[in-house]
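Trainee: I should like to learn how to read the features of a protein structure. May we go through one together?

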Amino acid sequence: MATVEASGRDGKGQGVETSVTYYRLEEVAKRNTLEEIWLVIHGRVYDITRFLNEHPGGEEVLLEQAGADASESFEDVGHSSDAREMLKQYYIGDVHPNDLKPESGSKDPSKDGMCKSCWSYWIFPILGAVLLGFLYRYYTSESRSS
């Protein structure tokens with residue numbers, strides 16, 4: 001765990017002291033019991049121990065994700081804006097920058113440039129269909145002339 005102090009200015013021109021506590025993923029992974037449950041959602045660490053009995057989806061859902069990055073599961077469920085607002089009260093810090101995964105953007109290969117040969121997915125079937133068409137015409141015309 002590391003704490004970093006940062007100073008800045010709020011909208012009123014006054015200096016504001018904020019401190020961010022960083023947690024390593026190994027430390028978060030240890031917090032996966034009924035006595036203490038931590039989750040990582042979008043690089044932020046939450047202690048949801050007090051929320052365990054209140055969760056509408058049941059405590060089992062939270063226990064499955066305990067001590068791990070639950071960002072994908074959190075988004076897949078489609079939590080409401082109220083749930084996202086409620087999450088703020090359980091915030092305890094951020095994941096250490098060295099443990100953050102680089103964001104790859106979308107998972108669609110056509111959008112992130114990872115698929116260098118995507119054209120082969122559509123060009124080969126088209127060429128195959130054209131070739132079959134020519135072969136069909138060739139053999140049907142040959143059978144008529146014989």
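Mentor: Certainly. Please keep in mind that this is a predicted model. Let us begin with Arg 84, which counts as partly exposed at 33% relative accessibility.

Trainee: Which salt bridge does the side chain of Arg 84 form?

Mentor: The side chain of Arg 84 meets that of Glu 75 in a salt bridge, at 2.9 Å from N to O. Glu 75 is likewise partly exposed, with a relative accessibility of 33%.

Trainee: Which residues are joined into one network by salt bridges that share partners?

Mentor: Glu 27, Arg 31 and Glu 36 form such a network. Within it, Glu 36 and Arg 31 meet at 2.9 Å, N to O. Glu 36 is partly exposed at 29% relative accessibility, whereas Arg 31 is buried, with 19%. Arg 31 is classed as buried because its value of 19% falls under the cut-off of 20%.

Trainee: How many salt bridges does a search of the whole structure find?

Mentor: The search finds 6 salt bridges. One of them links Arg 24 with Asp 99, and their closest N and O atoms are 3.0 Å apart.

Trainee: Which parts of the chain does the pair of Arg 24 and Asp 99 tie together?

Mentor: Arg 24 lies in the loop between strand 2 (15-23) and helix 1 (25-30), while Asp 99 lies in the loop between strand 6 (91-95) and helix 5 (109-112), so the pair ties together parts that are 75 residues apart in sequence. Arg 24 is partly exposed, at 30% relative accessible area, and Asp 99 is buried, at 14%.

Trainee: Let us turn to nonpolar residues. Which residues touch the most other members of the largest nonpolar core?

Mentor: This core has 13 residues, and Ile 41, Tyr 46, Ile 48 and Leu 62 touch the most other members. Strand 4 (residues 36-41) gives the largest share of the core, with 3 residues. Leaving aside residues up to four places away in sequence, Ile 41 touches Tyr 46, Asp 69, Ala 70, Ser 71, Phe 74 and Leu 87. Another core, of 6 residues, lies apart from the largest one; among its members are Val 28, Trp 38, Val 40 and Val 95.

Trainee: Which residues make a nonpolar patch on the surface?

Mentor: Leu 131, Leu 132, Leu 135, Tyr 138 and Tyr 139 make a nonpolar surface patch of about 550 Å². Leu 132 is placed in helix 6 (residues 120-145).

Trainee: Is Leu 132 buried or exposed?

Mentor: Leu 132 is exposed, with a relative accessible area of 57%.

Definitions and conventions. Residues numbered from 1 in each chain as written. Predicted model: local features only at pLDDT ≥ 70, side-chain atom pairs only at ≥ 80, totals over all residues. Heavy atoms only, no water. Salt bridge = Lys/Arg side-chain N within 4 Å of Asp/Glu carboxyl O. Helix = DSSP H or I, 4+ residues; strand = E, 2+ residues; numbered from the N terminus. Buried < 20%, exposed > 50% of the residue type's maximum accessible area, 1.4 Å probe, protein only. Patch = residues over 30% accessible without salt bridge, like charges linked within 9 Å, V, L, I, M, F, W, Y side chains within 5 Å. Areas by Shrake-Rupley, 256 points an atom, 1.4 Å probe, with all protein chains shown as cover. Core = buried A, V, L, I, M, F, W, Y, C linked by side-chain atoms within 4.5 Å. Contact = heavy atoms within 4.5 Å.
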